[in-house]
Every structure is written in C-alpha cells, then in structure tokens.
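Hi there,

Here is the structure we talked about, ready for you to open. My notes on the sheet and the salt bridges follow below it.

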Amino acid sequence: MRFSMLLPLAAMLGGCDWVVLNPAGDVARQQADLVVISTVLMLLIIVPVMALTVWFAWHYRASNKAARYEPEWNHSTQLELVIWSAPLLIIIALGAVTWVGTHLLDPYRSLARIDKERPLHPETEPMEVNVVALDWKWLFIYPEQGIATVNELVLPVDRPVRFRITASSVMNSFYAPALAGQIYAMPGMETKLHAVLNKTGNFAGFSANYSGAGFSDMRFALRGVEAGKFEEWARKVRAGSQGLDRETYLKLERPSEKEPVRHFATVAPDLFDAVVNLCVRPGKMCMSQMMALDEQGGTGKAGMLNLAALTYDKNGREQISAILPGDQIAASQAFIKALCADNSPLRARSAEVGAPEDLAPLRGANLPSPARPDAAEGGRLSLAAPAPAKSPVS
C-alpha cells in the first residue's frame, strides 16, 4: 500500500531534466562537478546536525529518566573545537575549490582540453559564433560559414567554440545548461564564452534573465551534430534565398514573441560589430568612432550640430528627422550622426585569457598562460584600428 502511494511521486520525478548534473559539454561537466563537490562538503555539516537534532530530541525526552541532566552546564572545550574547526575546514576547502574553478572556468579563458581524456592542441582555432539577444528571440551569426539563424544553434561536437555575446535593447542572459553556465548579454557591450559540446543530440537553451513580456518564450534549440553533418547543414542554409542585411536586421530587432526557427543564407559584413557599437541604422555614428574622436580631442562646438532626432516606441519603430541649426532638442531624444560616409564599426582588441599551458603547477594567482599580444597594455581594451591623426570631419 505504501509503495503504491509513492508511484505518483516517482512518475513526477521521472519527468525531471538532470541536464545540469549530466551535461553534454566539458565546461558544463566541470561546473557540475563543482556543484557536487560543494554539496557533499556542505552535507558533512548538515547531515550530522540534522541527525543530532533528532537524537537529542529523542534522548532527552521527558519519559527518559536515565538521560543525564545538567542544568548548570555551560562550556566544553572539546565541543567548541569540533563546532568551530569543522565548519572552518569546510569553508577553507570550499574556498580553494571555488578559487581554482573560477580561474580555470573563466568564460573569457580559451579552452585547454576537449574533455578530460583529450587535451586541445594550442594552435587549434575555435569556431566563432556571434550571439545577439533580441526582444524576444535569439540571433546566431556564424562568421566562418557566412550564415545566421534565429532560435537555432547548431554546433559540431568536439570542436571548441568562442561565443561573442551582446544584446539589442535590455540586459539578457544566454544559457544553454548542456553546454556551459549562463553569460549575460548587454546592449553596447560584448561578453564572451568558450565552450565545447561533446555529445550529439537535441538540447535546449533559454534566457535566464527577465527581459519583458515575451521572456518566457525566449528559447532556442541547441543541436549537437558530427562535423560532417554540420558542414552539410551549413551548405543547406547557404543555399537559401533570404539574406540578413542591415535593413532586415532592423526589422528582426523589433519585439516579437514565439518566433519560429529561421535561416539566413548570407550576413552583412560587420553586422555583429555594428550591433555592439549601436550603429546598425545607416547614418548613425558607432560608439567606437565616437571614442576615437574623443581620444583626439573631439570636434568642439561643431559637434553640437551633429545630431538627428530619434523617436522610439515599444514596437521598435524608429523615425529620424533632421535638426536644423538653432533647433534645440533634449539629449534623451537625440543620437549622434556619422560624420563620414564610412559607417564601419571598429572592433576592440580581445580581452580573452589564454588557457593554462600546464595544470600541474597551480600555485597562486599567476596561472601559467601563453603571452598575449596586448599584455604590454595591462589587459586594457584598445581599438583594433588606429585612431585618425586628426578629427575626420568631412
């Protein structure tokens, strides 16, 4: 009878997805190990405390006349040592595991292995995938293949992937539990994630940060396929007729819900960098260009006329009207126009961290890593293209 009462509970638990603890990617696998290790360490305290709570309640019950009763007792050195030393040792162990894991699983750090059995050759170039969190859908751009998809991420197994992640409007979060931990996507900024998928199959990804009305349906399909099947899939996408240029992107950027999977056979050059620099719309100055001008001293009072009115509503429709000399407009209703015909965004130098050459001598903060070309700059982001010698006002 009691066993039959547990059957409904077993049926409900059978529908649970244990992907976080049984993922398909090596990075997520290591993160799952951290969760298990942390849980076991904490249970070393939790289980004895719970057991002793039950034992004390039973042993010192009113009906047990044989229990020792000492109302004046108030201190035990041995007990104090156990109470304080055990949690302290566990905290030290948790701190050590967390510190090492934080550095080795840094999403900006390139991978050092495909899985625990196969190290990654240092000269192996990862595949790049650009991720844009839109309202309320996901755009994936494959620069190497020259294609793009909406709400579908297809990856070849056992090949490292470098994700460049941004957002079009509000802060969001890119999360594929089978692949790696969640990474924030923010407008006007670029975050990174290095990961690898080790198993073929169909998995799920979603937004892990509330971003508005369509948030609950902001999901994408993650598919892991063999290398040959990935190339075949990419060829089929390239054979399509629809392309993703800047005009198409501006339409796609408008808020929409429950978007079906879509494929784009071509992608406009520098589209992702234009999204990051907030200058997809023609005639709008890129942030990188603006910073290059500011680095050279700006344009002075002449820049006051370099404005265009911008109206924006919740449906994502933008209208632009020119500002005549002498007109005034609130700063919150204006954006900076491009000064020159070339509206190409400049790409910032990568802030990625090299993978450790050898995991054996893990000592202190200076983990061994290959030298980076921007090491002399102390890791400071700088523009990849040199700033103009003088203000490029035309």
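**Salt bridges and the sheet**

Arg 159 is partly exposed, with a relative accessible area of 23%. Before going further, please keep in mind that this is a predicted model.

The salt-bridge partner of Arg 159 is Glu 144, and their closest N and O atoms are 3.0 Å apart. Glu 144 is also partly exposed, at 48% relative accessibility. This pair ties together distant parts of the chain: Glu 144 sits in the loop between strand 4 and strand 5, while Arg 159 sits in the loop between strand 6 (152-156) and strand 7 (161-167), 15 residues apart.

Strand 7 brings us to another pair. Arg 164 and Asp 273 meet through their side chains in a salt bridge of 2.7 Å, N to O. Here the link is between strand 7, which holds Arg 164, and helix 6 (residues 271-276), which holds Asp 273, with the two positions 109 residues apart in numbering. Are these two side chains' residues, Arg 164 and Asp 273, buried or exposed? Both of them are buried. They also belong to a network of salt bridges, whose other members are Glu 125, Glu 128, Arg 162, Glu 190 and Lys 192.

A further pair is Glu 70 with Arg 68, where the closest N and O atoms lie 2.6 Å apart. Arg 68 is exposed, with a relative accessible area of 64%, and Glu 70 is partly exposed at 38%. The count for the model comes to 15 salt bridges.

Now to the sheet. It is open, has 6 strands in the order 10-7-3-4-5-14, and its pairing is mixed. Strand 10 (191-195) and strand 14 (262-264) are at the edges; each has a single partner strand, so one side of each has no neighbour in the sheet. From one strand to the next, the twist averages 20°.

Within that order, strand 3 (residues 127-134) and strand 4 (residues 137-142) run antiparallel and are joined by 5 bridges. One of the bridge pairs is Leu 134 with Lys 137, the latter in strand 4.

What lies across strand 3, strand 4, strand 5 (147-150) and strand 14? That is helix 4 (residues 227-238), which runs at about 90° to strand 5.

If you have the model open, the network with Arg 164 and Asp 273 may be a good place to begin looking.

Best wishes

Terms used: Residues are numbered from 1 along each chain as its sequence is written. This is a predicted model: local features need pLDDT of at least 70, side-chain atom pairs count only at pLDDT 80 or more; totals for chains, interfaces and linings use all residues. Side-chain values use heavy atoms; hydrogens and water are left out. Two strands pair if DSSP finds at least two bridges between them. Helices (H or I, at least four residues) and strands (E, at least two) are DSSP runs, numbered from the N terminus. Axes are lines fitted to C-alpha atoms, for helices over the stretch in contact, and angles run from 0 to 180 degrees between N-to-C directions. Contact means heavy atoms within 4.5 Å. A salt bridge is a side-chain nitrogen of Lys or Arg within 4 Å of a carboxyl oxygen of Asp or Glu. Buried means under 20% relative accessible area, exposed over 50%, partly exposed in between (1.4 Å probe, protein chains only).
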